[in-house]
Amino acid sequence: MAQTEQEILEGLANIVNEETGVDVADVQLDKSFTDDLDIDSLSMMTIVVNAEEAFGVRIPDDEVKNLSTVGDAVTFIKNAQA
Amino acid sequence: MSAGSSDTKVVITGLGATTPLGGDMPTTWEALLAGTCGARTIEADWVAKYELPVTFGAPIHTPADQALTKVEVRRLDPNAQYAMIASREAWQDAGVPEVDPERLGVAIGTGIGGVWTLLDQWDNLREKGPRRVFPLAVPMLMPNSATGNVSLDLGARAGAHTIVSACASGAEAMGLAAEMIRSGRADVVVAGGTEGAMHPLCFAGFAAMQALSKRNDDPAHASRPYDVARDGFVMGEGAGIMVLESEEHAKARGARIYAEFAGHGMSADSHHIAAPEPEGAGASRAMTEAVRNAGLSATDIIHINAHATSTPVGDVAEAAAIRRAFGEAADGMPVSATKSMTGHLLGAAGALEGLFTVLAVHHRVAPPTINIENLDPEVDLDVIRDTPRELPAGDIAALNNSFGFGGHNVALAIKSYS
């Protein structure tokens, strides 16, 4: 069930939008969750929990702090699916 | 601004609500005067699934997602959603007061809190495991979630308090708000009650106590306070919020003033965890204290919005308490039992009925009680039936009674402002 980078980005953008109201179009690979999208750590966890279910992967709590940009998250999910 | 003192007058400058009768205060008030009933059969699949003995209630008239964003709906339990809707309306209605954030407070009561979130997340834990428990579960289910979110929304920093005293919660919150202003802690307080507890567990629990009406085939006539055939209350939901303000602060900004929040009285029965004390001693003390605290005398009170939930025991206990408190003077206090139309909003009930009392004094018209076919002879009161009653000109005052499981008694005294 591996997905392309673009598919993961689109899916993630929808989750970010649903959880925080950030525009889907603003969720780009180079954007920082905290600095650019103004997402706090609690909201980040709601995104992680939903992303795990949507992409069928496990994102360990210790790993979340390393996902500073949208691109980091997409790469992690892509590798976890492989 | 003001240092506050026991002489500080507290006035009401904004009203907001979402109720079984309307998505805002004006719609609700209009439906109330028209004698509209908000009770109806519940269409959710869980009614049949759990074979609930009661299949109707009084849900909010206008879905919350019409007033809130998608993200707000997702991140707030219904309990907090309703409080946000009513608070924002009240704040707009008050003219969006300019106030120092450290002089702006919040006091919101709830009977049950975020019960939908609590039980949905418990289902998630059992069915899908701990990783599927929503990270916002705790801030959504905590009983102070509504208060905290309203404080955040309005930037209120004088103090944000949550009152939990079952069906007296909303009225008690308004009393606390007045105390915050009188003691000098705040110039403006957003106060009231909220409840979003029409969950199958609550239906089953209240039904198990024999507290709910079982008139499943005729929801519109099930809530019938003071009628001989009453058989329990009808569960409702929603929120009622008012903006209370020191008179000095309200006048300085040229605010429209609905009425004066003249005083309040509170007492506890210490009699039984759910049943009212049958002689009405505690309830009567709350009423006489409200009148005293307001600097009024019994003959100044020209209307009472009763707690009257349509339970066999509660309605007559309150009627006895009113007589006990005021004796012959009660003849001059026409009584409305508005739960005949709204159902029982639990922790929001006292707040919503507080708003009704404010509007009754402001517009000089008291709402009716519907569904009385045969007045219970034990109810020795001038009950306003079927159509609204005009209230006299001049200085007038009215009481709002609220009582809760646990033996909590609260009475609010609202006075006309000129």
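How many residues of chain B are in contact with chain A? In this predicted model, eight residues of chain B are in contact with eight residues of chain A. On the chain B side of that contact, four residues are nonpolar, one is polar and three are charged.

Allow me to take the two chains in turn, beginning with chain A. An unreviewed UniProt entry lists residues 3-81 of chain A under "domain: Carrier". In the model, that span is 59% helix and 0% strand, and the C-alpha atoms at its two ends lie 8 Å apart.

I turn now to chain B. Its secondary structure comprises 14 helices and 14 strands. Along the principal axes, the C-alpha atoms of chain B fill a box of roughly 60 × 55 × 40 Å. The radius of gyration of chain B is 20 Å, which agrees with the value near 22 Å that a compact globule of 418 residues would have. Of those 418 residues, 60% count as buried. As for the contacts within chain B between residues at least 6 apart in sequence, 80% of them join residues at least 24 apart.

The next topic is the nonpolar core. As a general remark, nonpolar side chains in soluble globular proteins tend to be buried together. Here, the largest nonpolar core has 158 residues. The members that touch the most other members are A177(B), V189(B), V190(B), A191(B), M242(B) and L244(B). Helix 14 of chain B, residues 349-363, supplies the largest share of this core, with nine residues. Where does the core lie with respect to the domains of chain B? Domain 1 (10-252) and domain 2 (264-415) both give residues to the core, so the core lies between them.

A191(B) merits a further word. Setting aside neighbours within four places in sequence, A191(B) is in contact with A107(B), I108(B), A173(B), M174(B), A177(B), I241(B), M242(B) and L244(B).

Finally, I should like to consider C202(B), which lies in helix 9 (residues 200-208) of chain B. Is this residue buried or exposed? C202(B) counts as buried because it has 21 C-beta neighbours inside 10 Å, and the cut-off for a buried residue is 20 or more. Again setting aside neighbours within four places in sequence, the contacts of C202(B) are I112(B), V115(B), A197(B) and M235(B). From C202(B) to F233(B), the separation is 31 residues in sequence and 13 Å in space, C-alpha to C-alpha.

Notes. Residues are numbered from 1 along each chain as its sequence is written. Chains are lettered from A and ligands numbered from 1 in the order in which they are written. This is a predicted model: local features need pLDDT of at least 70, side-chain atom pairs count only at pLDDT 80 or more; totals for chains, interfaces and linings use all residues. UniProt positions are given in the numbering used here, feature names are shortened, and annotations may be inferred rather than shown by experiment. Helices (H or I, at least four residues) and strands (E, at least two) are DSSP runs, numbered from the N terminus. A nonpolar core is a set of buried Ala, Val, Leu, Ile, Met, Phe, Trp, Tyr and Cys residues joined through C-beta atoms within 7 Å. A residue is buried if 20 or more other C-beta atoms lie within 10 Å of its own, exposed if 12 or fewer, and partly exposed in between; C-beta atoms are placed from the backbone. Domain bounds come from an automatic or database domain assignment. Two residues are in contact if their C-beta atoms, placed from the backbone, lie within 7 Å. The radius of gyration is taken over C-alpha atoms; the globule rule is 2.2 Å times the number of residues to the power 0.38. Ala, Val, Leu, Ile, Met, Phe, Trp, Tyr, Cys and Pro count as nonpolar, Asp, Glu, Lys and Arg as charged, and the others, Gly among them, as polar.
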